Amino acid sequence: MEQKKQYYGVDVVKFVLALLVAGRHMIQVFYAQESPWRLTVGSWLSNLAVPFFFTVAGFLLFRKICGTERSAEERSEKKKETETGNGRNERNKRNEKNGSNNRNESGNEEAGRGRSRRKPQRRASSSSVQRELANQTSDPSKNGKSGAGGSSRSLSGSVKRGGWRQVCKYCWRILKLYVLWCVIYWPIDIYNWYHGTASIKESVIFYIRSFFFSSTIAQLWYLPALITACLIVWCVSLGARYVTPALIVTGALFIAGCLGDNWYFTAMLPQKIQNLIYLYGQHCMTMRNGIFYGSFYVCLGLVFAKKKRSLPFLVSFALAVFFCWAMKKEVTHCGNINIVISAAPTAFFLTESALSLRLPDWKLFTRLRAMSEWVYLSHFYFFYFFSWTAKINPLPLTEKNIMLCIFIPMLIFAWGMACLGERKRWVRKLI
C-alpha cells in the first residue's frame, strides 16, 4: 500500500492549537471579564491557531499540485531506479572495455561485427536524447520555466496537470463538511431561536447571511473561509505558478483586514474609509473570512509547497517564540481579538518548525490528528451540555472546575471518535 509522507510535528501542533480554540470560546462564554485568561488565551495564544490551520491546509493542498508530494513507495522506487541506473552504467563501461580488448585480439572481422552491434544502440540513445529534449521544450514545468514567456521560478516544484481539478475537489469536500456540521448543529440553532426574541423570518434571514458570510456556530466560519481562500490563491497565482504576485495581492488583503477589523487601527483612517468599513460590516458581517484573512495564510502554504530550502528546527522555533512574544505586545496594546498582524510571521516560523520536526512513526500522532479535528468541530456542544447540567453539577462553578467539566468529556469523546474512525470509514468522513 502507498504510504504518504507524514508530518507528525504538524499533528501535535494542530492538537494543541485546537485545544486553545476551544479554550478561547469557553473563556468568552463562561469566564468573567476581568479574568486574566481572556488576554492569555482569548486574545493572544488562540489567535495563532487559525493562521496555522490555513497555512498547513494550503501546504497540503498545493504540494500535490506543485509535484512536491512523493509517497514513501515512490521515493523507494526512485532510489531503486537510481541504483539500477548506476549499476547499468558500470556494466556498460565494463562491457565496452571488454569489447575493445576483444576487438584488438579478434581482428578486423570481429571489430566490424562489434561496430554493427553497437550502431543500433547509438542510434537508439541518440533518438532517446532527442525525445527527452523535445519533451523538455514542450513542457515548461520540466525545465524550470513558468508561463509562455519562459521566466524561471525562484521557488522549486513543477505544477502538475489537473491542478484546477484538485482544487475544486478539495473545495467540494470542505463544502460538504461545512454543510454536514451546520446540520449537526441545527439542534443548537433551534434551541437558540426558541429561547431568543427574534421571529422566524428574522432568524431564517440571519441564518442564511451567517451561512455565507460567517456561521451561527463560532468555529465553523473557518470552513467556508478556507474554500474562498484556496480559490483566491489559485487564481491570483495563475494556477500556483507565480508566488510573488500572489503574496503581494493576498498580503494587501490581509493588511486591509487588519486595519478594518480592529477599531484601534480603524480610528486612524479617514472618515470616508471608516464609513465604507461600517457599511461592509452591515452586509458581510466580518472581515475575518477567506478574503481578508485566510487567503494570505493559504498563500504562505503555497510558499511552503514550492520552496526548496528550510531553516533548522531550533532557528525556526526560536523565531516563532520571538514573534509569539510580539503577538502578546500587540494584543495588549491594540486590543486585537481576531486578526493579529504579528501572527503572520509567528505562523510562518511555527509551520516551518512543525514541518521540520522529525518524530517517530507512532500511531498516537495520527490519532492526535483526528482528535484535533473532533475537538475543533464539536466543542460547542460540550458548552451547551455543561450549561444544561449546571444545576445538577455538585462542583463549585470556578474557572478551574468549568474547564475540567468541559474539557474532560470533550477529550474523552474526541479520543473515542478517533479510535472508532480507525475502524469505521463513515466516522472518518465526519471530519
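# Exercises on a predicted helical model

Of the 14 residues of helix α15, 12 are buried, so this helix is largely enclosed by the rest of the structure. The model on which these exercises rest is predicted.

## Exercise 1. The enclosed helix α15

Task: Establish the extent of α15, list its buried residues, and state which helices cover them.

Solution.

Step 1. Helix α15 runs over residues 343–356. From its first C-alpha to its last it reaches 20 Å, close to the 20 Å expected at 1.5 Å a residue.

Step 2. A residue counts as buried when its relative accessible area is under 20%. In α15 this holds for A343, A344, T346, A347, F349, L350, T351, E352, S353, A354, L355 and S356.

Step 3. The cover over these buried residues includes α1, α3 (49–65), α10, α13 (290–306) and α14 (313–334).

Step 4. For context, the protein has 18 helices and two strands, and buried residues make up 42% of its 431 residues.

## Exercise 2. The two sides of α12

Task: Determine where the buried residues of α12 lie around its axis, and which exposed residues occupy the face turned away from them.

Solution.

Step 1. Helix α12 comprises residues 271–284, 14 in number, and its end C-alpha atoms span 20 Å, close to the expected 20 Å.

Step 2. Its buried residues are Q274, I277 and C284. They cover an arc of only 115° around the axis, which puts them on the same side of α12.

Step 3. The general geometry is as follows: an α-helix has 3.6 residues a turn, so residues three or four places apart point the same way.

Step 4. On the face turned away from the buried side, α12 carries the exposed residues K272, L276, Y278 and H283.

Step 5. The buried residues of α12 are covered by elements including α8 (200–213), α10 (243–261) and α11 (263–266).

Step 6. G281, also in α12, is partly exposed, with a relative accessibility of 29%. The C-alpha atom of G281 is separated by 9.3 Å from that of D261, which lies 20 residues away along the chain.

Step 7. After α12 comes M285, whose phi is positive, near 75°.

## Exercise 3. Polar side chains that pair α1 residues with partners

Task: For D11 and H379, decide whether each is buried or exposed, and identify the side chain with which each makes a polar contact.

Solution.

Step 1. D11 belongs to helix α1 (residues 8–30). The 23 residues of α1 should span 33 Å at 1.5 Å a residue, and the end C-alpha atoms are 33 Å apart, which agrees. Because 17 of these 23 residues are buried, α1 is largely enclosed by the rest of the structure.

Step 2. D11 has a relative accessible area of 4% and is buried. Its side chain is joined to that of R369 by a polar contact of 2.9 Å. Neighbours within four places in sequence being left aside, D11 is in contact with F365 and R369.

Step 3. H379, found in helix α16, is buried at a relative accessible area of 0%. Its side chain makes a polar contact of 2.9 Å with the side chain of H25.

Step 4. Residues up to four places away in sequence not being counted, H379 touches V21, A22, H25, Y185, Q219, W374 and M410.

## Exercise 4. Surroundings of F386

Task: Describe the burial and the contacts of F386.

Solution.

Step 1. F386 lies in helix α16 and counts as buried at 6% relative accessibility.

Step 2. Apart from neighbours within four places in sequence, F386 is in contact with F30, N393, L397, I402, C405 and I406.

Step 3. P409 is 23 residues from F386 in sequence, and the C-alpha atoms of the two are 10.0 Å apart.

Step 4. Across the protein, 81% of the contacts between residues at least 6 apart in sequence join residues at least 24 apart.

## Exercise 5. The largest pocket

Task: State the volume of the largest pocket, the residues nearest its centre, and the helices that supply its lining.

Solution.

Step 1. The largest pocket holds about 2000 Å³ of space.

Step 2. Its lining consists of 50 residues, of which L60, R173, R369, E373 and I431 lie nearest the centre. R369 is also the polar partner of D11.

Step 3. At least two lining residues each come from α1, α3, α6 (163–184), α9 (222–236), α16 (363–388), α17 (399–421) and α18 (425–428).

Notes: Residues are numbered from 1 along each chain as its sequence is written. This is a predicted model: local features need pLDDT of at least 70, side-chain atom pairs count only at pLDDT 80 or more; totals for chains, interfaces and linings use all residues. Side-chain values use heavy atoms; hydrogens and water are left out. Helices (H or I, at least four residues) and strands (E, at least two) are DSSP runs, numbered from the N terminus. The expected span of a helix is 1.5 Å times one less than its number of residues. Buried means under 20% relative accessible area, exposed over 50%, partly exposed in between (1.4 Å probe, protein chains only). The arc is that of the directions from the helix axis to the C-beta atoms. Contact means heavy atoms within 4.5 Å. A polar contact is a pair of N or O atoms within 3.5 Å; within protein, one must be able to donate a hydrogen and the other to accept it, and residues adjacent in sequence count only if both atoms are side-chain atoms. On a 1 Å grid over the protein atoms alone, a cavity is a set of points where a 1.4 Å probe fits but cannot get out, and a pocket is an open set with protein on both sides within 12 Å along at least five of seven lines; lining residues have an atom within 4 Å of a point. Grid points are joined across faces, edges and corners, and a volume is the space filled by probe spheres set on the points.
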